[in-house]
Amino acid sequence: MKRNVGKVVEYLPFLGIVAVICTTSWLAGRSSLAGRPSLVRTPVRR
Amino acid sequence: MAFDLDEHLNGNRVGFFTDTSICIGCKACEVACKEWNHVPEDGLDFTGMSYDNTVGLSADTWRHVAFVEQRTPMGRQEPGVGDMDFRWLMSSDVCKHCTHAACLDVCPTGSLFRTEYGTVVVQEDVCNGCGYCVPACPFGVIGKRETTGVAAKCTMCYDRLPAGEEPACAKTCPTDSIQFGDLDELRERADRRLRQVQEAGMTSARLYGRDPDDGVGGMGAFFLLLDEPEVYGLPPDPVVTTRDLPSMWRHVGMAAAGLLAGIAVTAWRRR
Amino acid sequence: MSQTDVRMDGSAETRADREATPGSAGGRRERLVTHRERADSYYGRPVLNEPTWKDHDIAAYLFLGGLAGASSTLAAAAELTGRPGLARASKVGALGALGGSLYCLIHDLGRPERFLNMLRVFKVTSPMSVGTWILTGYGPQAGAAAATDMTGLFPGLGRAATVGAGLAGTALATYTAALISDTAVPVWHEAYREMPFLFAGSAAASAGGLGMLAAPLAEAAPARRAALLGTAVECVAASRMERRLGPVGEPLRRSRLLRLGEALSLAGALAGVTVARRSRVAAMAAGAALLAGSACTRFGIFHAGMESANDPKYTVQPQRRRLAKKRAERELA
Ligand code: SF4
Ligand code: SF4
């Protein structure tokens, strides 16, 4: 039982990384809908 | 191969000739190696594999004596165990210090290097423990040491050679089963010895790793075996993995180009 | 240098002990010679030492490296064809996957603090060395591509970095095949012809999956097509590999992870070109299936290799066959 728990824990970093990739990428995809750029406004050049 | 190591070293290449036909399985080589090289203890287990309790070469076993029991005649000898034929094969295995050494080829830090004696040695202070050399070795010799995190294997006593001393295992071997010396000379000696053993009735005797044209370009540590190599846990026809590397890179190149083209095509259409 | 030459008397005529001949004593009584079965291993012990690589690091790296590389390529293609949403999602995804790759690679080292020792040398004979340099070239570009896109700063530089990362990404996604094939592990080594294509397909499928999951529906068409194409290539390469390898391919054919990976990828890819074209939720589900499928494939390949390294028959038997063939050819000649 304890061994199994230890085993699962070893995979958590990987699963965490994949979750982070999906979330950030999803947020980035959404932010593009609001028109780019999103974080910093570049002055509109005329 | 374009690069001829033997020529490059100008006859300076040293090696081991392990004549298993006179090995008595005393394991003095294992002990001498551990002591001289400070190789840590790695478990004292009862394996049930005849007298073998070190199982195989690893980061913490640089000489390994194999014990094989067979119901087969030993030449013309009478074993004297009733109605049974019996022979006991023993062989002290070690890193082969290959001419084309896969471990050396794949090491990404340059920790493994070829010495002036033609041997292959790990630099403990450079190795970062990536472990690539471990699956690269076709003989299962090199390993990653748990305690230090770096790779370790036989150095052919790199620190003894400059002092004019032979490696600890060869020095201690009471029967001269492990012979150290100039590789060319050892090869000649082995050829003579093979003839002698075969004439004595051991027709299954053979040299292993002596041939400079084999898959690893000949071994710096080669053997006289009394049976097939696989019986002793040795691969019958080892090939340095990097022999196929040019073709591997070509295939990788094609796949990379294909990936680029494929993704370009998928993005081409508007919808 | 001292050599093994134990002689006390110095006379060449006297036989040294090491000239003792085994089996020469003579006098063996005739026995019915029992048929000898051929032992093909030493007590069933593997010939090779087991790779020290951990699946949650190195198999994970195979997946993340492929995802990063192919995502960058997809991002470049999307940017050049006017799909900023897909481009941005892919760039950010690639950067995340790159970070994950580095974490896994460094975590697997025996001495992580010596990671930079990899940069001491460049060796084409070591795919790991080549890969380190690919990462060194790719990493900053992928980082710059994502950063410039998110901030809107330096668009020209961002464009150049996007294209550069897209090109380097193809190398990153495929070199990992050479990385594992350049070992003595029977399954990995023997499969070196199909492995790069399998990895390229799997990488494209995962990048397509991430694109479907993250990008707006209207822009995700290339991602859907990349997923389909990648999955097709992956499946064809895998089945060719399994057939060509013959007996050595047994661990591949037996692998449940590989079957699961194929099923997930196929389901994701097919959903991608059907329901996921209209429904955001379906697109996300299909994308997740593709990502999971690609990960299963990489873990499956990794474990099949481990299995082949741990069983001496996969090492010994092909070599014996090779020797027998050589012998037969010599006799014919
Ligand atoms: S036997 Fe293995 S560890 Fe020794 S030199 Fe050859 S490849 Fe390297
Ligand atoms: S573990 Fe050390 S010696 Fe082996 S390949 Fe990696 S850096 Fe080289």
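This report describes a predicted model, covering the contact between two chains, the domains of one chain and the surroundings of two ligands.

**Contact between chain A and chain C**

Chain A contributes 23 residues to the contact, and chain C contributes 29 residues. Together the two chains bury about 2100 Å², of which 71% lies on carbon and sulfur atoms. On the side of chain A that touches chain C, 13 residues are nonpolar, seven are polar and three are charged. No salt bridges are counted between chain A and chain C. Polar contact is nevertheless present, with four residue pairs found across this interface, both residues of each pair being at pLDDT 80 or more.

**Domains of chain B**

Chain B is assigned two parts: domain 1 spans residues 5–239, and domain 2 spans residues 241–271. The C-alpha centres of domain 1 and domain 2 of chain B are 41 Å apart.

**Surroundings of the ligands**

Ligand 1 is surrounded by 13 residues, the closest of which are B:Cys95, B:Lys96, B:Cys98, B:Cys103 and B:Cys137. Around ligand 2 there are likewise 13 residues, and those that come nearest are B:Cys107, B:Cys127, B:Cys130, B:Gly131 and B:Cys133. The classes of residue in each shell are set out below.

| Shell | Nonpolar | Polar | Charged |
|---|---|---|---|
| Ligand 1 | ten residues | one residue | two residues |
| Ligand 2 | eight residues | five residues | no residues |

The shell of ligand 1 thus includes two charged residues, whereas the shell of ligand 2 has no charged residues.

How values were computed
Residues numbered from 1 in each chain as written. Chains lettered and ligands numbered in written order. Predicted model: local features only at pLDDT ≥ 70, side-chain atom pairs only at ≥ 80, totals over all residues. Heavy atoms only, no water. Contact = heavy atoms within 4.5 Å. Buried area = accessible area lost by both parts, 1.4 Å probe. Salt bridge = Lys/Arg side-chain N within 4 Å of Asp/Glu carboxyl O. Polar contact = N/O pair within 3.5 Å; in protein donor to acceptor, adjacent residues only side chain to side chain. Nonpolar A, V, L, I, M, F, W, Y, C, P; charged D, E, K, R; others polar. Domains from an automatic or database assignment. Near = heavy atom within 4 Å.
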